[in-house]
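Let's take a walk through this one together, starting at the ligand and then moving out to a pair of helices.

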Amino acid sequence: MDGADFLIIGGGIAGLSAAARLAAHGKVIVLEAEDALGYHSSGRSVSFSHYGIGNEAVRALTRHSRPFFEHQPEGFCDTPIAWLSPSLYFAEEAALPRLDAQMANMAELVDTLEPLDAAALVRLCPVIKAGPGAAMRGLLDPTGLKLDADALLQSFSRQLRARGGEIRLGRQVEKIERRGDAWIVNDAVAAQVLVNAAGAWGDRVAVLAGVTPLGLEPKRRTVIAVDPGMDMTGWPFVHSVGGDFYMLPEAGLLLVSPVDEVPDEPCDAQPDDYDVAFAADRLEHYTMLKVARIAHRWAGLRTFTSDRTPTAGFAPDAPGFFWLCGQGGYGLQTAPAMATAVESLIAGTAWPLANIAPARIAPGRLLAR
Ligand SMILES: Cc1cc2nc3c(=O)[nH]c(=O)nc-3n(C[C@H](O)[C@H](O)[C@H](O)COP(=O)(O)OP(=O)(O)OC[C@H]3O[C@@H](n4cnc5c(N)ncnc54)[C@H](O)[C@@H]3O)c2cc1C
């Protein structure tokens with residue numbers, strides 16, 4: 001039987017970022033079911049950090065994570081892990097009140113927001129349909145950050161290994177037992193602290209361990225990639241404030257999503273034809289582009305708690321069982337802050353998150369409902 005101080009189930013961004021920090025305090029082993037890191041949600045995201053998404057706790061976690069992305073730790077990665085990329089929100093007539101509400105929300109965190117009229121929308125992204133019957137006004141957040149998800153996953157893994165930690169791929173956790181004061185996983189590894197960072201499978205892992213599930217809700221989101229046949233240099237990450245469309249340029253293609261949230265089971269999520277067609281429809285509705293061919297399509301799961309706030313904390317009903325789940329659509333942009341919260345709660349370092357009490361992200365709040 002192998003032993004570890006901290007055993008982490010899940011090699012996505014949540015598990016790996018926490019593993020890298022915990023490795024400073026003891027032996028860490030990460031067990032990942034797939035043969036590659038980030039195979040599920042973490043490798044399927046559009047990898048952005050911005051304040052236009054999530055509740056007040058998510059925005060605070062995003063803000064606490066910014067310094068990590070803006071000034072990555074010495075030796076963390078040879079290439080940039082993040083770069084400035086503005087975010088633009090636009091509204092047709094009916095959605096103008098939502099635009100104003102979005103602006104008020106974001107102004108609490110960003111003091112450089114720019115209101116945009118229809119002409120300014122077109123200057124920033126020439127394909128947007130603007131004017132009467134189309135986008136009337138908008139808002140630019142110049143502080144958006146494009147993240148490199150692969151660089152983050154690889155760099156956290158390197159940091160973990162450099163601190164003596166181990167990642168075991170192709171190790172699906174199928175059996176979890178409590179013996180004495182240790183958790184025994186797959187009859188192979190024993191640890192005092194078991195961290196459940198299994199993403200969409202978080203509740204299933206809890207059930208294996210005899211722990212009360214939190215009612216996690218995996219929701220599928222679809223992305224298509226199209227070639228608009230034009231130079232997209234300088235285009236921002238464009239969102240309809242009504243919440244049914246976004247697009248952003250990446251590697252010469254335009255990524256487009258209908259911002260779907262379709263309830264799903266934990267699985268290797270695949271794009272549904274209807275959602276793919278809806279993505280193309282939204283692109284043609286909001287822009288002058290026509291979709292002749294879809295170069296790629298994919299789907300991934302965004303897994304939410306009932307209050308849409310990520311969770312980190314010990315299960316109230318099982319000693320040593322730690323929840324790190326429910327990252328929703330913000331798992332990358334909140335990972336540095338969540339990892340420091342995990343370190344504090346498990347290793348006893350100072351609480352790092354001003355304005356967010358541990359109870360705000362503790363799993364107990366979800367069980368009490
Ligand atoms: C289309 C899309 C766009 C997104 N865009 C953004 C964005 O712009 N910004 C942002 O911050 N977030 C974004 N997200 C959300 C982000 O991807 C997730 O919040 C994040 O990846 C969740 O990370 P995770 O580590 O919890 O889950 P995962 O990456 O899914 O990792 C969980 C891992 O646990 C493993 N596992 C499960 N069960 C077991 C078991 N029994 N044994 C061993 N291993 C197991 C799985 O194989 C998996 O690798 C997006 C998501 C999608 C789908």
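A polar backbone atom of Ala-33 sits 3.0 Å from a nitrogen atom of the ligand, a polar contact in the sense of two N or O atoms within 3.5 Å. This is a predicted model, where local features need pLDDT of at least 70, side-chain atom pairs count only at pLDDT 80 or more, and totals for chains, interfaces and linings use all residues. Residues are numbered from 1 along each chain as its sequence is written, and side-chain values use heavy atoms, with hydrogens and water left out.

Oxygen atoms of the ligand join in too: one is 2.5 Å from a side-chain N or O atom of Ser-42, and one is 2.9 Å from a backbone N or O atom of Phe-48. On its own, the ligand would expose 1000 Å², and the protein buries 97% of that (accessible areas by the Shrake-Rupley method, 1.4 Å probe).

So who's around it? The ligand is surrounded by 39 residues, counted when a heavy atom lies within 4 Å; Glu-32, Ser-42, Val-173, Gly-328 and Gln-333 are the closest. By class, that shell has 17 nonpolar, 16 polar and six charged residues, with Gly counted as polar. Strand S18 (294-304) gives the most, three residues (strands are DSSP E runs of at least two residues, helices H or I runs of at least four).

Helix H1 (13-22) also gives two or more residues to the shell. The axes of H1 and helix H5 (residues 149-162) come within 8 Å and cross at roughly 35°, the axes being lines fitted to C-alpha atoms over the stretch in contact, with angles from 0 to 180 degrees between N-to-C directions. Among the contact residues (heavy atoms within 4.5 Å) are Leu-16 of H1 and Phe-156 of H5.

Conventions: A polar contact is a pair of N or O atoms within 3.5 Å; within protein, one must be able to donate a hydrogen and the other to accept it, and residues adjacent in sequence count only if both atoms are side-chain atoms.
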